[in-house]
Structures are given as structure tokens and as C-alpha cells.
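Let's take a walk through this model together. Have the sequence and the 3D view at hand, and we will go from the strands to the helices.

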Amino acid sequence: KIKEIYAQIKEFLSVKERMMFTDLVKSEEKQAKISVFVPLMHLANDKIDLKQEEHFGEIEIYLSKAEIE
């Protein structure tokens with residue numbers, strides 16, 4: 001699942017600078033959100049950067065600087 005999510009992120013970010021969490025989640029169901037959120041936490045270790053302005057706000061996703069170079 002982590003590789004699948006990362007592939008989706010890389011494809012999306014090949015044409016845009018940032019991606020939103022809601023761009024990845026295909027449903028409003030809690031399970032769908034969790035199935036994307038957990039892989040994001042693993043990817044945030046070195047592959048992506050995450051930004052969230054406020055609690056429970058939208059999560060912005062960027063490729064980490066190491067992945068861009």
C-alpha cells in the first residue's frame with residue numbers, strides 16, 4: 001500500500017507543486033482516510049514532506065527535497 005500511495009503522489013506531483021490529502025482519499029469513509037494516512041506517515045520519514053496549518057485542517061503533501069534532486 002505504501003508503494004501504491006507513493007506512486008500516486010509522484011505522478012500527481014510531476015505536474016504540480018503540492019497535493020492535498022483529499023486528492024488521495026477516494027471516499028469520506030473513515031477507513032479510506034486511515035488507509036491513506038498510515039502510509040503517509042511512513043513516507044514522511046524520508047520521501048515526502050507534510051504540512052498542516054491547523055488541527056484537523058487539510059494536509060498538504062510535497063516531495064521531500066531529497067526526492068526532487
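In the hairpin of E2 and E3, which residue takes a positive phi? Keep in mind as you look that this is a predicted model. The residue to find is Phe56, whose phi is positive, near 65°. Six residues lie between the two strands of this hairpin.

From that turn, step out into the strands themselves. E2 covers residues 48-52 and is joined to E3 by five bridges, with the two strands running antiparallel. If you would like to check the register, start at Asp49, whose bridge partner in E3 is Tyr62. Then move along to Lys51, which has Glu60 as its bridge partner in E3.

Glu60 is a handy place to pause, since Met20 also stands opposite this residue of E3. Met20 brings us to strand E1, residues 19-20, which is joined to E3 by two bridges. This pairing is antiparallel, and so is that of E2 with E3. E3 thus pairs with E1 and with E2. How covered is strand E3, residues 59-63? Mostly: four of its five residues are buried.

Now turn to the helices, beginning with H3. This helix takes in residues 30-43, 14 residues in total. From its first C-alpha to its last it reaches 20 Å, close to the 20 Å expected at 1.5 Å a residue.

Which residues of H3 are buried? They are Ala32, Val36, Pro39, Leu40 and Leu43. Because these residues cover an arc of only 110° around the axis, they sit on the same side of H3. On the face turned away from that buried side you will find Lys30 and Gln31, both exposed.

What covers the buried residues of H3? The cover includes helix H1 (2-13), helix H2 (21-24), and the strands E2 and E3 that we have just visited.

H1 deserves a look of its own. Its axis and that of H3 come within 9 Å and cross at roughly 80°. That crossing angle is why H1 counts as roughly perpendicular to H3. On the H1 side, the contact is made by Ile2, Ile5, Tyr6 and Ile9. H3 answers with Val36, Pro39, Leu40, His42 and Leu43. Among these, Val36, Pro39, Leu40 and Leu43 will be familiar from the buried residues of H3.

Notes: Residues numbered from 1 in each chain as written. Predicted model: local features only at pLDDT ≥ 70, side-chain atom pairs only at ≥ 80, totals over all residues. Heavy atoms only, no water. Buried < 20%, exposed > 50% of the residue type's maximum accessible area, 1.4 Å probe, protein only. Pairing = 2+ DSSP bridges. Expected span 1.5 Å × (residues − 1). Arc of directions from axis to C-beta. Contact = heavy atoms within 4.5 Å. Axes fitted to C-alpha atoms, helices over the stretch in contact; angles between N-to-C directions. Parallel < 35°, antiparallel > 145°, perpendicular 65-115°, else oblique.
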